[in-house]
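Biologist: Pick one part of this model and give me a close look at it, please. Start from a single residue and work outward.

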Amino acid sequence: MTFLSAYRAQWFSNVRGDLLSGLVVALALIPEAIAFSIIAGVDPKVGLYASFSIAVLIAFTGGRPGMISAATAATAVLMVTLVRDHGLQYLLAATVLAGLIQIACGLMKLGYVMRFVSRSVITGFVNALAILIFMAQLPELIGVTPITYLLVAAGLGIIYLFPYLTRAIPSPLVCIVALTAISISLGLDVRTVGDMGELPSTLPVFLIPAIPLTMETFWIILPYSAAVAIVGLLESLMTAQIVDDMTDTPSNRNQECIGQGIANTATGFIGGMAGCAMIGQSVINVRSGGRGRLSTFAAGVLLLFMILVLGDLVSRIPMPALVAVMIMVSIGTFNWRSIANLRRHPRSSSIVMLATVAGVLYTHNLAIGVLLGVLLSGIFFAWKISQLFAVFSFTSADGTHRTYTVEGQLFFASVEDFLKAFDFREKLARVTIDISRAHIWDISSVAALDLAVLKFRQSGAVVDVVGLNAASETIVDQLALHDKSGAPDKLTAH
């Protein structure tokens with residue numbers, strides 16, 4: 001299949017399902033975009049315009065079909081201080097710069113860093129996000145009238161029972177339409193989308209952020225842009241991995257980085273705030289039947305259509321309907337099997353997963369939680385590898401020559417065991433350190449080898465280091481301090 005035919009299939013292989021799922025997502029995006037604007041301290045239209053722009057552009061430029069990108073809480077919380085101290089125009093400029101940083105990351109192929117994120121970290125990320133999504137609904141469930149709880153329960157009933165009748169229409173869409181009709185016809189006293197904030201009534205227009213083009217301005221916005229770019233890419237790539245797993249299809253991570261960058265850069269020029277992929281909306285999209293780029297495009301276009309043309313009707317959608325949809329997302333997102341796996345999986349994997357969840361919930365920052373999980377994964381991995389290390393030795397018949405055979409990976413975590421294996425007080429004429437079954441990785445291991453050679457030399461022994469593979473020989477030649485001579489695979493110190 002050629003690139004053009006594959007790209008065309010990503011647009012038109014699931015038209016009906018993509019359009020219907022896009023409608024569901026568009027409805028759910030409206031209150032979230034307004035809420036994220038409030039978090040950032042800007043007018044609701046900034047988040048709504050951003051959600052429209054990012055969704056439409058990422059549909060063309062992204063690397064993960066069927067994934068929804070828009071204004072998000074993860075990026076909104078990073079902009080609060082900038083908006084408070086410098087205003088909206090600096091936020092728009094920071095959005096443009098964040099997009100350019102993301103494009104650079106994609107061009108440098110940094111999307112492949114996702115291979116260093118373990119399955120335990122991804123599970124913790126998913127579980128934490130599911131909990132955050134549920135917690136975000138609590139304000140709509142506290143201090144409200146009893147009818148609110150009845151509507152939420154009815155909405156959940158529709159979402160989970162309607163598929164038994166037919167799957168032709170996404171049940172979340174049926175939930176929203178049915179509860180809106182009931183609320184309007186009965187005049188129920190419940191919060192509506194319109195209570196979240198005023199919807200814009202005009203199309204977004206191109207504008208250049210009104211800021212001084214100076215280095216001082218650059219240094220003001222750079223820290224915020226860098227943080228938004230990193231957090232946005234991290235959440236987008238994690239979400240892409242989750243959608244990959246849900247749909248059993250691959251994504252292009254570096255293309256996704258570039259696509260996110262293009263979307264954010266353009267969004268800053270139409271008065272929108274930065275955003276990234278949204279795991280909650282992406283799950284809604286996939287579970288509603290969305291698979292292709294058309295679903296993302298439809299979500300953005302229908303969002304703009306509804307707030308401009310159907311604004312009066314959309315503003316009357318009851319919040320309990322959207323709360324029911326988001327509770328469904330929370331339940332569907334959480335990896336319930338991971339609870340049972342806590343006893344079955346290795347303890348280190350469970351600790352990483354729980355630490356990721358705790359980090360995200362404590363800081364409400366997905367990036368910090370994920371970085372904590374990745375750090376712990378690295379520490380546990382280094383510890384495990386350091387245990388796969390041993391040193392054996394034997395002496396010659398006359399007792400004057402001892403050979404040490406090193407097996408395993410010699411790096412910073414195993415150098416202590418490496419040095420403990422040698423008896424530097426033993427009186428020997430010659431010592432051979434055989435590294436043919438080992439690999440030297442870093443400066444710490446080279447320094448340890450140096451120390452062993454020099455200590456044996458001080459005791460009067462001639463030391464041969466043999467069996468270095470090509471990579472180990474290279475790093476030893478570059479960094480070792482002891483004198484070396486002889487054949488390429490034999491380093492002798494006198």
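**From one residue outward**

Modeller: With a relative accessible area of 0%, T356 is buried (under 20% with a 1.4 Å probe, protein chains only). This is a predicted model, so local features need pLDDT of at least 70 and side-chain atom pairs 80 or more, while totals for chains, interfaces and linings use all residues. Numbering runs from 1 along each chain as written, and side-chain values use heavy atoms, without hydrogens or water.

T356 sits in helix α17 (a DSSP run of H or I, at least four residues, numbered from the N terminus). Leaving out residues up to four places away in sequence, T356 touches V121, G124 and F125, plus G369, V370 and G373 (heavy atoms within 4.5 Å).

Another buried residue is A367, at 7% relative accessibility; it belongs to helix α18, residues 366-387. Beyond its neighbours within four places in sequence, A367 contacts V231 and L234. Its C-alpha atom is 8.8 Å from that of G232, although 135 residues separate A367 and G232 along the chain.

Now back to α17, which helps line the second largest pocket along with α7 (119-137), α10 (215-247), α12, α15 and α16 (337-344), each giving two or more residues. A pocket here is an open set of 1 Å grid points with protein on both sides within 12 Å along at least five of seven lines, and lining residues have an atom within 4 Å of a point. This one holds about 530 Å³ (space filled by probe spheres on the points). Its lining counts 23 residues, with R119, T123, V126, N335 and S338 nearest the centre. Helix α7 supplies the largest share, five residues. By class the lining has nine nonpolar, ten polar and four charged residues (nonpolar: Ala, Val, Leu, Ile, Met, Phe, Trp, Tyr, Cys, Pro; charged: Asp, Glu, Lys, Arg; polar: the others, Gly among them).

Helix α7 also turns up in the largest pocket, which has about 780 Å³ of space. Of the 30 residues lining that pocket, E32, F36, A73, L132 and A136 are closest to its centre. Besides α7, the elements giving it two or more residues are α2, α4 (73-76), α12 (279-287) and α15. Its lining has 22 nonpolar, five polar and three charged residues.

Two of those contributors pack against each other: α2 (residues 15-40) and α15 (residues 319-333) meet at about 105°, with axes 10 Å apart (lines fitted to C-alpha atoms over the stretch in contact, angles from 0 to 180 degrees between N-to-C directions). That makes α2 and α15 roughly perpendicular (65 to 115 degrees). On the α2 side the contact uses L27, A28, P31 and E32, and on the α15 side M319, L322 and M326. Sorted by class, these are six nonpolar, no polar and one charged. Residue E32 is thus on both lists: it is part of the helix contact, and it is among the residues closest to the centre of the largest pocket.

Finally, the enclosed space. There is one cavity of 30 Å³ or more (points where a 1.4 Å probe fits but cannot get out), and the largest cavity has a volume of about 60 Å³. Its lining includes I58, A59, R64, M67, E256, R293 and T296. Helices α3 (44-61) and α13 (293-308) each supply at least two of the lining residues. The lining divides into four nonpolar, five polar and three charged.

Notes: Angles under 35 degrees count as roughly parallel, over 145 as roughly antiparallel, 65 to 115 as roughly perpendicular and the rest as oblique. Buried means under 20% relative accessible area, exposed over 50%, partly exposed in between (1.4 Å probe, protein chains only).
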